[in-house]
Amino acid sequence: LVEAGADPAARAAALETAAVIDMNTDRAARARERAEAALAAYRGLGDAAGVARILDGRAMATFLDGRIDEGVAVFGRVAQLFVDSGELLRAITPRSTRGHGLVFAGEPAGGLAETTAAVRLARELDTAEGQAYALWHRSEALSALGRADEAEADAREALRHADGHRGWTATGHRALGIALTTRGELDAAAAAFAASAEVAGDSL
């Protein structure tokens, strides 16, 4: 921030990075202040991708705070901002997470539509991480609709794409457990949930 000085673009990038560091070191208040300052700077620069990145973080915080409907609305705007600014790879996560939020909000059909669009985009861009993320969410939407076979297939494909990544492996096993629960295979579901917990450990 000191080195950025009065350079608005450098200052916006520094504030954005500092906000992420603060968020991951339990300095929530300062993280919010820096994120707001970065957002104002990006808006002043007319940097749509920068605005979208800040709003993406805000949406996730809102979602994790339990304000599902509000998070769903913001994720929709974020995904469109990324598309409009040509950042298609970054559009996968908010689009998929919006679909996940719709499932939690009791709208699994809408969630399926959003997560399917995210899966399609991830496949078109050939991103394994994006596919693992969106397939996890689509699997849970399918389970919510009672389509257990399709949900299990998506969960197993998500696990293949996870390729040892802790987060995507844990969520893939979670989705598999939910799919198996939907089908009534409770012993197999318990094993999947146990695998998810083991991979996640105490710090994920």
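Helices whose axes meet at an angle over 145 degrees count as roughly antiparallel. Keep that cut-off in mind as we walk through this predicted model.

Let's begin at helix α1, residues 8-24, and helix α2, residues 28-45. Their axes come within 8 Å and cross at roughly 155 degrees, so α1 and α2 are roughly antiparallel to each other. The crossing of α1 with α2 is left-handed. On the α1 side, the contact is made by P8, A9, A12, A13, L15, E16, A18, A19, D22 and M23; α2 answers with R30, A31, R34, A35, A37, A38, A41, Y42 and L45. Sorted by class, this contact has 15 nonpolar and 4 charged residues, with no polar ones.

Now move along the chain to helix α6, residues 108-124, and helix α7, residues 128-144. Here the axes come within 8 Å and cross at roughly 155 degrees, which makes α6 roughly antiparallel to α7. This crossing, too, is left-handed. Among the α6 residues that meet α7 are L112, T115, V119 and R123, and the α7 residues in the contact include Q131, L135, H137 and R138. By class, the contact of α6 with α7 has 10 nonpolar, 6 polar and 2 charged residues.

Before leaving α7, have a look at E140, which lies in this helix. Is E140 buried or exposed? Its relative accessible area is 6%, so E140 is buried. The side chain of E140 makes a polar contact of 3.1 Å with the side chain of H100. Setting aside neighbours within four places in sequence, E140 is in contact with H100, V103, R174, A175 and I178.

Note on methods:
Residues are numbered from 1 along each chain as its sequence is written. This is a predicted model: local features need pLDDT of at least 70, side-chain atom pairs count only at pLDDT 80 or more; totals for chains, interfaces and linings use all residues. Side-chain values use heavy atoms; hydrogens and water are left out. Axes are lines fitted to C-alpha atoms, for helices over the stretch in contact, and angles run from 0 to 180 degrees between N-to-C directions. Helices (H or I, at least four residues) and strands (E, at least two) are DSSP runs, numbered from the N terminus. Angles under 35 degrees count as roughly parallel, over 145 as roughly antiparallel, 65 to 115 as roughly perpendicular and the rest as oblique. A crossing is left-handed if the near helix is turned anticlockwise from the far one by less than a right angle, and right-handed if clockwise. Contact means heavy atoms within 4.5 Å. Ala, Val, Leu, Ile, Met, Phe, Trp, Tyr, Cys and Pro count as nonpolar, Asp, Glu, Lys and Arg as charged, and the others, Gly among them, as polar. Buried means under 20% relative accessible area, exposed over 50%, partly exposed in between (1.4 Å probe, protein chains only). A polar contact is a pair of N or O atoms within 3.5 Å; within protein, one must be able to donate a hydrogen and the other to accept it, and residues adjacent in sequence count only if both atoms are side-chain atoms.
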